[in-house]
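Reader: I'm new to this and keep tripping over the labels people use. Could you walk me through some of them?

Author: Sure, let's have a look together.

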Amino acid sequence: MIEVLSIVLGGGKGTRLFPLTKERAKPAVPFGGKYRLVDIPISNCINANLKQIYILTQFNSASLHLHLSQTYAFDSFSGGFVEILAAEQTFEHSGWFEGTADAVRKNLVHFRTQKPSYYLILSGDQLYRMDLRDLLRKHKESGAEITIACTPVERENASQLGILKADKSNAITEFLEKPGPTKDISDYKIPTDLKKDKNKGDEYLASMGIYIFNASTMESCLDNELTDFGKEVIPQGIKRLKVNAYAFDGYWEDIGTIKNFYEANLDLTALRPRFDFYDEMHPIYTHFRCLPPSKMNFSNMSQSIAAEGCIITNASITDSIVGVRTIIETGCSLNGVICMGADFYESEARKHKNAEARIPNVGIGKGVLVKRAIIDKNACIGEGCRIGIDDNITRTDGHYGNYHIIDGIIVIPKNAVLYPGTVI
């Protein structure tokens, strides 16, 4: 499968996922207790034996680079690699990436050395499991120059996605990027006779941001000043090239906002989650940490996930995710909470030094009550804090120093300190 070069788009500043992207690139945001978002597209590639993978990024790439270097190492006989290509200055280009297409164009000089026949373009912030071999096979069989992976969505979700029309042979005839909530797009509805499930409310075919280009087609499509695939390259290509749709009817979620991130995480705790991390035949890979198993002392956990290395004592945890190395002290209650965990265990010397400065330990202190919140890595939550518990408190979306409220969800950023007794 060396004929295929996979390119994962790391995204821009990730402002819609702020503050989770304050100190890291969007693909490096922790997910599901122990993973990073970038693990999803990379794992899909590895499961399809596509092991020549580039990650394009330009913002806060240090954390992402560290994760990739510690996680993905192929043997020297496979020819596989996972490499970051950050924005760089050259004699030809001196500016930042101006969009998805511009990022690929500025790195074609690196891609050409691999001499691929096909380019596979993937997004770094989506949750799905797809057989990319089938996508490639359908692309070849169709004789298309570009194939776009598509999924049916409801009108509400169509606002921020690329919507397209396809005929019975799957040829794409029209494409509309992010129509917004008010634009009349009824003309783009999927014809009833083409719907697989006529009882579902999914009325529009949306681009998943996953593309396969013939190598020569990619070169010609980027031989210009166009900067974005969805807004410019794809619409222009449909006018003059054979562009096909690949229908995907599995679970897919675009994790572009705090609300989507929160809901996609908590769905993993359901009795039958829509995305299954427990698929032995199609695993999701991540960093191997050699941590001890999690320890539960007199605790009650209901429909929750605990990653490795946690110590939870006399706590009540419901519909929550507890990330790696999370320390939860006695008397705590978590309901609808995503804890991303910690990057380290505190030494006794560090704890003593912090105690002198009246800084709580990393983790969640005694008697803390938390509801509907995201707690980023290495947060120090002092004893007796009440987060999202009191109904008489008005919580308006905004940024409040050591915490944020977005879509009604309280976000405690990375390395934040909440002193004992704090009420949010």
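Author: Let's start with one word: contact means heavy atoms within 4.5 Å. By that rule, Leu176 touches Leu161, Gly162, Ile163, Lys183, Ile185 and Tyr188, not counting residues up to four places away in sequence. Keep in mind that this is a predicted model.

Reader: What makes Leu176 count as buried?

Author: Buried means under 20% relative accessible area. Leu176 has 18%, so it counts as buried. You'll find Leu176 in strand 10, residues 172-177.

Reader: And why is Ser302 called partly exposed?

Author: Partly exposed is what falls between the 20% cut-off for buried and the 50% cut-off for exposed. Ser302 has a relative accessible area of 33%, so partly exposed is the right label. Ser302 sits in strand 15 and, leaving aside neighbours within four places in sequence, is in contact with Ile317, Thr318 and Asp319.

Reader: How do you know that helix 9 is largely enclosed by the rest of the structure?

Author: Just look at its residues: 7 of the 10 are buried, so the helix is largely enclosed. Among those buried residues are Ile258, Phe261 and Tyr262.

Reader: Okay, rings now. How do you describe a pair of aromatic rings?

Author: With the distance of the centres and the angle of the planes. A search of the whole structure finds 12 aromatic pairs.

Reader: Why is the pair of Tyr251 and Phe275 called tilted?

Author: Centres within 6.5 Å make a pair, and planes that are neither under 30 degrees apart nor over 60 count as tilted. The rings of Tyr251 and Phe275 have centres 6.3 Å apart and planes at 55°, so this pair is tilted. Tyr251 is in the loop between strand 12 and strand 13, and Phe275 in the loop between helix 9 and strand 14, so the pair ties together parts that are 24 residues apart in sequence.

Reader: What makes the pair of Phe275 and Phe277 edge-to-face?

Author: The angle again: over 60 degrees counts as edge-to-face. These planes are at 75°, with the centres 5.0 Å apart, so Phe275 and Phe277 are edge-to-face. Phe275 is buried at 3%, and Phe277 is buried at 15%. Both belong to one aromatic cluster, along with Phe31, Tyr35, Tyr251 and Phe261.

Reader: How do you know that the charged end of Lys34 sits over the ring of Tyr35?

Author: The distance to the ring centre has to be within 6 Å, and the charge within 35 degrees of the ring normal. Lys34 sits over the ring of Tyr35, 5.8 Å from its centre.

Notes:
Residues are numbered from 1 along each chain as its sequence is written. This is a predicted model: local features need pLDDT of at least 70, side-chain atom pairs count only at pLDDT 80 or more; totals for chains, interfaces and linings use all residues. Side-chain values use heavy atoms; hydrogens and water are left out. Buried means under 20% relative accessible area, exposed over 50%, partly exposed in between (1.4 Å probe, protein chains only). Helices (H or I, at least four residues) and strands (E, at least two) are DSSP runs, numbered from the N terminus. Rings of Phe, Tyr and Trp (its six-membered ring) pair if their centres lie within 6.5 Å; planes under 30 degrees apart count as stacked, over 60 as edge-to-face and the rest as tilted.
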